[in-house]
Amino acid sequence: MQKQKAIKVLLAEDEVSLGTIIKESLESRGFEVSYCQDGESALATYMAKKPDILVLDVMMPKKDGFILADSIRKRDSHVPIIFLTARSRTEDVVAGFRHGANDYIKKPFSMEELIVRIEAAVRRSSQNPGREEWVRIGDYRFHPEKQQLKHGEEAFYLTYRESQLLFALYQYRNSLADRSLILKELWGSDDFFNARSMDVFITKLRKKLQKDPKVQLINVRGYGYKLLC
């Protein structure tokens with residue numbers, strides 16, 4: 001039986017005691033961890049080692065987590081990024097997603113939670129192609145960058161927001177997509193008015209996807225949506 005490849009984690013955390021605990025805990029679970037204590041060394045390590053995922057503290061010397069994420073996103077739009085931070089205000093969480101985060105964990109946290117989130121982010125990343133490629137949604141083909149949805153010879157041209165939302169749902173296909181998380185990532189806030197706006201776009205996407213009865217966009221009341229395909 002072939003041995004499963006270890007997930008390569010780049011950890012950037014300036015609090016040495018916490019960083020050491022995280023590093024040792026992850027390594028004890030079979031992860032390969034590169035540990036840095038500031039943003040500049042983390043960027044250099046990223047360039048040299050090309051990790052599978054980045055776990056970044058926000059408040060770091062030389063280059064903070066947000067600036068570091070911006071630098072990495074200019075080079076790589078797909079590698080998963082998880083922010084660790086003591087900041088708990090809604091605007092801080094929103095800022096994290098705007099700087100390219102895939103997930104955001106507030107301190108203090110449990111190692112089990114961190115491990116589950118790392119594994120989930122890497123799994124989604126490995127299952128999802130880049131936005132420049134055509135993907136299959138049932139009998140449809142979808143191109144996020146071109147903002148096109150095709151069913152046979154018929155083509156639908158999506159708005160930018162429709163394409164963003166469909167790609168976000170596609171990333172969670174056949175599983176629950178958290179409503180609040182998508183709102184914060186795409187709209188910047190999960191307030192009532194943005195939620196109503198997203199409902200309108202969901203209705204538009206349902207109409208465009210109705211040519212294939214095997215494709216369903218289900219509302220899980222109080223939680224989010226499932227794109228079944």
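**Exercise 1.** Is Asn-194 buried or exposed, in terms of its relative accessible area?

*Solution.* The model is predicted: local features require pLDDT of at least 70, side-chain atom pairs count only at pLDDT 80 or more, and totals for chains, interfaces and linings use all residues. Residues are numbered from 1 along each chain as its sequence is written, and side-chain values use heavy atoms, with hydrogens and water left out.

Step 1. Locate the residue: Asn-194 belongs to helix 8, residues 192–208. Helices (H or I, at least four residues) and strands (E, at least two) are DSSP runs, numbered from the N terminus.

Step 2. Apply the cut-offs: buried means under 20% relative accessible area, exposed over 50%, and partly exposed in between, with a 1.4 Å probe and protein chains only. With a value of 17%, Asn-194 is buried.

Step 3. List the partners: leaving aside neighbours within four places in sequence, Asn-194 is in contact (heavy atoms within 4.5 Å) with Leu-183, Trp-187 and Ser-189.

**Exercise 2.** Determine the strand order of the sheet that contains strands 6 to 9, and state which strands stand at its edges.

*Solution.* Step 1. The sheet is open, has four strands in the order 6-7-8-9, and is paired in the antiparallel sense. Two strands pair if DSSP finds at least two bridges between them.

Step 2. Strand 6 (135–137) and strand 9 (154–157) each have a single partner strand, so one side of each is left without a neighbour in the sheet.

Step 3. On average, neighbouring strands of this sheet are turned by 25 degrees against each other, direction ignored. Here axes are lines fitted to C-alpha atoms, for helices over the stretch in contact, and angles run from 0 to 180 degrees between N-to-C directions.

Step 4. Examine one pair: four bridges join strand 7 (residues 140–143) to strand 8 (residues 148–151) in the antiparallel sense. Tyr-140 has His-151 of strand 8 as its bridge partner.

Step 5. Turn to the connection: the loop between strand 7 and strand 8 contains Glu-145, which is partly exposed at 46% relative accessible area. Between the C-alpha atoms of Glu-145 and Ala-12 the distance is 31 Å, with a separation of 133 residues in sequence.

**Exercise 3.** State how many salt bridges the model contains, and place individual pairs in the fold.

*Solution.* Step 1. Fix the rule: a salt bridge is a side-chain nitrogen of Lys or Arg within 4 Å of a carboxyl oxygen of Asp or Glu. By this rule the count is twelve.

Step 2. Consider Glu-113 and Arg-117, whose closest N and O atoms are 3.1 Å apart. Both lie in helix 5 (residues 111–127), and because they are four residues apart they are separated by about one helical turn. Glu-113 is partly exposed at 29%, and Arg-117 is partly exposed at 28%.

Step 3. In helix 8, Asp-199 and Arg-196 are three residues apart, about one turn of the helix. Their closest N and O atoms lie 3.5 Å apart, and Arg-196 is partly exposed at 49%.

Step 4. Lys-211 forms a salt bridge with Glu-154, with 3.4 Å between the closest N and O atoms. This pair links distant parts of the chain, 57 residues apart: Lys-211 lies in the loop between helix 8 and strand 11 (216–220), and Glu-154 in strand 9. Lys-211 is partly exposed at 41%, as is Glu-154 at 37%.

Step 5. Finally, Glu-13, Asp-57 and Lys-107 are linked in a network of salt bridges.
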